[in-house]
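Student: Please take me through one part of this model in detail. I would like to see how the helices sit on the sheets, and then what surrounds the ligand.

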Amino acid sequence: MTRGLVIASCLSILVACTSETPPYQRTIYTFGTLASISIYDVPRETAIEAADDIELALARLNRDWYAWGDGELGELNRTLATTTSARVSNDLGTLIREALRLSDASEGLFNPTVGSLVELWGFHEAGDDTGARPSATAIEARQQLISIALDGQGETMEITASASGAVIDLGGIAKGAALSLCRDLLAKHSVKRALVDLGGDLIALTPNDAEPFDIGVRDPRGEGAVAVIRAGAGEAVVTSGDYERFFNEDSERYHHIIDPATGYPSEAAASVTVISRDPVRADAAATAMMVGGVAQFEALAAALDIELATLMTVDGTIIHTDGMAERIDWLGDRRSTP
Ligand code: AMP
Ligand code: MG
C-alpha cells in the first residue's frame, strides 16, 4: 500500500492519505476559497457524478447563505435593513434556528447576528482585506443590532429583529453545513472513502475499519503544518484562524472573528481546530473558541459537546481536550501546554 503526501499549496491544510489507487480529484472555487474534492475507490463515472452533485450544491449554498449576496440570506438581510421582521424559508430558517441554538449554548460567543459588525470592519467581501479600524461610536451603534429571534415552523417561519439594520451572517457555520451536505451526497453515491476540503474545513469519509486520513494543522503564523491530526469515519475537521482574513493597522492585526461583547476582533486565540461528526456544531465551536480563548475553552467544549479540540494562542500557547491527545501529533518543537 502506498502512502502519499498530497500538499495542496493553495489550501490551508496538508493532507496525507493512504489508498491503493489515486483518488478522483476536482478543485473548485466556492465559499470564497479554493476547495478540493477527493473521491477514492469507486468507478471514475461514479466519482464524477458525485463531484458534479457536490459542485452544484456548494454553488447553490454559497449563493443562498451568503449574507451580502443576491441569494435568500442576502434578500432577507436587505429586508431587515428597513424593517424588523421578515419571512424565511424552511431550509434557511432551519439553519438560522440551529445557529441561534448554538449561540445560546455558547453564551453568545458564537453569534450569527454579528453581521453588521463584520460589515463595519470590512470583512464581508471575499478577497477584500483592506478594511480600516472603525470608530468606537460606530462599533457601539452596530452592537445594538446583535439580536434576532425566530418564530414558527415550516412555511410560516419569521425572523424578528430588535431594530432594523440587523444583519444575519451564517459565515461561522456555513462551511460546516455545506460539509454535512457533502457527506450526504457522497453517501447517496455509495462513496465510502473521500475527502472534501473547503479551504481548511473538511469532511473525512472512511469505512469504519479503514485507516483515517492524516490532516495537517496549519501554523497560524507560517506556511507549514504544526501538527498532524487523524480523522475519518465521517468526521469534520474545522479550523478557525485569525490569519484567514485580516488587516494590519498601527502594528495591530484586526481579523474577521468578532467578539460580540466588545464589537472588536477577538484576541484570545490565533487558531482553533475542532473534530466532530456534527460539522455545524464543530464550525460554531471553532468560531466560539476563537472568541473565548484559553479561559473559556473547557466550558465551551462542555457546553457544545465537543470532545476533540485544540487551540493555539498568538504567543504560542497550545491547549487541547483530553481526547485530542490520541488524535494529534505535534511537529518540530511544538508541544501542548500541560
Ligand atoms: P469561521 O471561519 O467559521 O470562524 O467563521 C468566520 C466568519 O464568521 C467571519 O468571516 C464572519 O462572517 C462570521 N463571524 C465573525 N465573528 C463571529 C462570531 N462571533 N460569531 C459568529 N460568526 C462570526
Ligand atoms: Mg466556524
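Tutor: Helix H2, residues 72-80, lies across S5 and S7. Its direction is about 150° to S5. Keep in mind that this is a predicted model.

Now look at the sheet under that helix. S5 belongs to an open sheet of 3 strands, ordered S5-S7-S6, and the pairing is antiparallel. Strand S5 (85-87) and strand S6 (148-151) are the edge strands, and each pairs on one side only. From one strand to the next, the twist averages 20°. Follow S5 to its partner, strand S7, which covers residues 158-161. The two pair in the antiparallel sense over 3 bridges. For a landmark, find Ser-85, which stands opposite Thr-160 in S7. In general, strands of a sheet pair through backbone hydrogen bonds, either parallel or antiparallel.

A further helix meets this sheet. Helix H3 (residues 90-105) lies across S6 and S7. H3 runs at about 130° to S6. S7 therefore has both helices lying across it: H2 and H3.

Next, the other sheet. This open sheet is formed by 8 strands, in the order S3-S4-S8-S9-S12-S15-S16-S17. Its pairing is antiparallel. The edges are strand S3 (24-30) and strand S17 (318-320), each paired on one side only. Here the twist averages 10° from one strand to the next.

Pick out one pair within this sheet. Strand S15 (residues 271-276) and strand S16 (residues 308-312) run antiparallel and pair over 5 bridges. Ile-275 stands opposite Leu-308 in S16.

Two helices to trace here are H6 and H7. Helix H6 (residues 174-188) lies across strand S4 (33-40), strand S8 (193-197), strand S9 (202-205) and strand S12 (235-241). H6 runs at about 25° to S9. H7 lies across S9, S12, S15, S16 and S17, and runs at about 140° to S15. S9 and S12 appear in the list for H6 and again in the list for H7.

H7 also leads to the ligand. Helix H7 (residues 279-303) gives the most to the shell around ligand 1, with 3 residues. There are 17 residues around ligand 1, and Asn-111, Asp-169, Ser-240, Ile-258 and Thr-287 come nearest. By class, the shell has 8 nonpolar, 6 polar and 3 charged residues.

Now the polar contacts. At Asn-111, a backbone N or O atom lies 2.8 Å from a nitrogen atom of ligand 1. At Asp-283, a polar side-chain atom lies 2.9 Å from an oxygen atom of ligand 1. At Glu-244, a polar side-chain atom lies 3.4 Å from an oxygen atom of ligand 1. On its own, ligand 1 has 500 Å² of accessible area, and the protein covers 94% of that.

Conventions. Residues are numbered from 1 along each chain as its sequence is written. Chains are lettered from A and ligands numbered from 1 in the order in which they are written. This is a predicted model: local features need pLDDT of at least 70, side-chain atom pairs count only at pLDDT 80 or more; totals for chains, interfaces and linings use all residues. Side-chain values use heavy atoms; hydrogens and water are left out. Two strands pair if DSSP finds at least two bridges between them. Helices (H or I, at least four residues) and strands (E, at least two) are DSSP runs, numbered from the N terminus. Axes are lines fitted to C-alpha atoms, for helices over the stretch in contact, and angles run from 0 to 180 degrees between N-to-C directions. Contact means heavy atoms within 4.5 Å. A residue is near a molecule or strand if one of its heavy atoms lies within 4 Å of it. A polar contact is a pair of N or O atoms within 3.5 Å; within protein, one must be able to donate a hydrogen and the other to accept it, and residues adjacent in sequence count only if both atoms are side-chain atoms. Accessible areas come from the Shrake-Rupley method with a 1.4 Å probe; for residues, only the protein chains shown count as cover. Ala, Val, Leu, Ile, Met, Phe, Trp, Tyr, Cys and Pro count as nonpolar, Asp, Glu, Lys and Arg as charged, and the others, Gly among them, as polar.
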